[in-house]
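Grab a coffee and open the viewer. Below are some exercises on pockets, cavities and strands, each with a worked solution.

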Amino acid sequence: MKVLFAAGEAWPFIKTGGLGDVAYSLPKALKEKGIDIRVIIPKYIQIPEKYRLAMKHLGHKKIWVSHYDAYVGIEEYDLEGVICYFVDNMQYFSRSKIYGEIDDCERYTFFSKAVVETFDITGFTPDIIHCNDWHAALIPIYVRERGLHNIKTVYTIHNLRYQGFFPNIEIEETLEIPREKYYREDGLKFYDVISFMKGGVVYSDYVTTVSKSYADEIKTPEYGEGIDGLFRKFDYKLTGIVNGVDNTVYKCSNESKKLLKAELQKKLGLNVDPNVPLVAIITRLDRQKGIDLITAAFDRMMDLGIQFVLLGSGDPYYEEFFRWKESQYRGRVCSYIGFNQALSIEIYSGADMFLMPSLFEPCGLSQMIAMEYGTVPIVRETGGLKDTVTPYNEYTGQGNGFSFIDATPEVMLKIINYAITIYRDKKQWDLIVKHAKERDSSWNRPAQEYIDIYKKVLN
């Protein structure tokens, strides 16, 4: 079975979020299970030079995009046994930003066309193209338009909020596909604009999203981002598969939590105290992540006698808020604005609790990574958080974390306070930590679920 995994990003070349992690880890897991899988992404200027210089140029040609012949080159790089292809075009991908450019419609239309029109250069004609998020959502359309009937498509939604909306005039100007065929309610049409993601959902052979609960949630108006009816219609070809965590990237230290915590406290300028509960959050500072709940409850949260560590960036208002709180609670709060992979590992390793009060969360990796390091998650019950965190039951001793349903500061505070109470009982806390570390967050099971879907699609 030959699979081409198409995405807008892939670690370690380029990464803005969880998609980058998945595009690295899932193909590797599928390769280990005997799938002949290749990855294809744009060749962004931001890809580190050490990778760009080591790429092998396979060939180039012209393809028709937006009424003109555009250059496309294909570069190749072997990443740990997985062949990665890079779609090269300086005009489209030598930009200051990866996403968010004024001509994103044309850039990712070009990428989608390049994926299906360069098999002659790569020498690799897949049985299945696995397309990810809106950046690759037009691929199923161009597979059909080019008459590639032997190629099947699987489409994965990592975050429904970002659908790739563009003016409907782009159908003729850029996509160059028949309006009467595709600009319909059960096609690309979204009110008066087009949604790339609708194209992926409607025209692919199968649709997946990154947790079972999220697959159910997107069928509702609350989470469906305006196309919940579409998911109810295509329920027969929709499945949720929880992401995994790459254990080669996140390796647990043999050092004790007590020592790792002390080292972290010292490094971040916190009071070195083994008994104070250290609560961490590593996140994009965005309303989706429940940051409003934290800001509204922050002082009351600190009154519970905790230390608090933030690693993240995003909305300038939130960034300034957490800087202010660090200055207000010297020795108890550390706000690291930005991202630092090495520091994130130290935080996962040294913190006692990991807070993740998301308003919605398609999958979430942080809560699973935290559990790998014996850091107990406190989450809101939504999407992948609901699927991966089992709330602790003090009467049965079962559970690997804490959770709450209502998205209010008061309910969140109540569950944090409960977690702190359990934390004071070493026997109970050690049991929760044990359950958290025992959870299988590897890619083994998810990879097999994807293989089962591939087989289903091909048959």
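The exercises that follow use a predicted model.

**Exercise 1. Find out what surrounds the largest pocket.**

Step 1: start with the volume. The largest pocket holds about 1300 Å³.

Step 2: look for its middle. The lining counts 49 residues, and the ones closest to the centre are Thr-16, Gly-17, Gly-18, Arg-284 and Lys-289.

Step 3: ask which elements contribute. Those that give two or more residues to this lining are α1 (18-32), β13 (278-285), β14 (307-314), α15 (341-350), β16 (353-356) and α16 (366-372).

Step 4: sort the lining by class. You get 20 nonpolar, 21 polar and eight charged residues.

**Exercise 2. Do the same for the second largest pocket.**

Step 1: the volume here is about 610 Å³.

Step 2: 25 residues line the second largest pocket, and nearest its centre you'll find Lys-257, Lys-258, Asp-352, Trp-429 and Asp-430.

Step 3: two or more lining residues come from each of α12 (257-267) and α19 (426-438). The largest share, six residues, belongs to α12.

Step 4: the class count for this lining is nine nonpolar, six polar and 10 charged residues.

**Exercise 3. Work out which residues and elements enclose the cavities.**

Step 1: count them. With 30 Å³ as the lower limit, there are two cavities.

Step 2: take the largest cavity. It has a volume of about 120 Å³. Its lining is made of 15 residues, with Asp-21, Ser-25, Asp-246, Val-249 and Tyr-250 nearest the centre. Helix α1 gives the most to this lining, four residues. By class, the lining splits into nine nonpolar, three polar and three charged residues.

Step 3: move to the second largest cavity, at about 70 Å³. Residues lining this cavity include Trp-11, Phe-13, Tyr-24, Lys-28 and Cys-84. The elements that give two or more residues here are α1 and β5 (82-88), and α1 again gives the most, with four residues. The class count is 10 nonpolar, no polar and one charged.

Step 4: put it together. Helix α1 is the top contributor to the lining of the largest cavity and to that of the second largest cavity, and α1 is also among the elements that line the largest pocket.

**Exercise 4. Is Ser-366 buried or exposed, and what does Ser-366 touch?**

Step 1: place the residue. Ser-366 is in helix α16, one of the elements listed for the largest pocket's lining.

Step 2: check accessibility. Buried means under 20% relative accessible area. Ser-366 has a relative accessibility of 14%, so this residue counts as buried.

Step 3: list the neighbours. Leaving out residues up to four places away in sequence, Ser-366 touches Ile-282, Tyr-348, Phe-354 and Met-356.

Step 4: look for a polar partner. The side chains of Ser-366 and Tyr-348 make a polar contact at 3.2 Å.

**Exercise 5. Compare how β13 and β9 pair with their partner strands.**

Step 1: recall the general idea. Strands of a sheet pair through backbone hydrogen bonds, in a parallel or an antiparallel way.

Step 2: take β13. This strand pairs with β14 in the parallel sense, over eight bridges. Along that pairing, Ala-280 sits opposite Val-309 in β14. Seven of the eight residues of β13 are buried, so the strand is largely enclosed by the rest of the structure.

Step 3: take β9. Its sheet is open and has three strands in the order β8-β10-β9, with antiparallel pairing. β8 (165-167) and β9 (189-190) are at the edges with a single partner strand each, so one side of each has no neighbour in the sheet.

Step 4: zoom in on the contact. β9 and β10 (residues 193-195) pair over two bridges in the antiparallel sense, and the bridge partner of Lys-189 is Ile-194 in β10.

**Exercise 6. Describe the surroundings of Asp-103.**

Step 1: Asp-103 is in the loop between α3 (90-93) and α4 (104-116).

Step 2: leaving out residues up to four places away in sequence, Asp-103 touches Tyr-92 and Arg-95.

Step 3: now jump along the chain. Thr-174 is 71 residues from Asp-103 in sequence, and their C-alpha atoms are 10.0 Å apart in space.

Conventions. Residues numbered from 1 in each chain as written. Predicted model: local features only at pLDDT ≥ 70, side-chain atom pairs only at ≥ 80, totals over all residues. Heavy atoms only, no water. 1 Å grid on protein atoms, 1.4 Å probe; cavity = no way out; pocket = protein on both sides within 12 Å on 5 of 7 lines; lining within 4 Å. Points joined across faces, edges and corners; volume = space filled by probe spheres on them. Nonpolar A, V, L, I, M, F, W, Y, C, P; charged D, E, K, R; others polar. Buried < 20%, exposed > 50% of the residue type's maximum accessible area, 1.4 Å probe, protein only. Polar contact = N/O pair within 3.5 Å; in protein donor to acceptor, adjacent residues only side chain to side chain. Contact = heavy atoms within 4.5 Å. Pairing = 2+ DSSP bridges.
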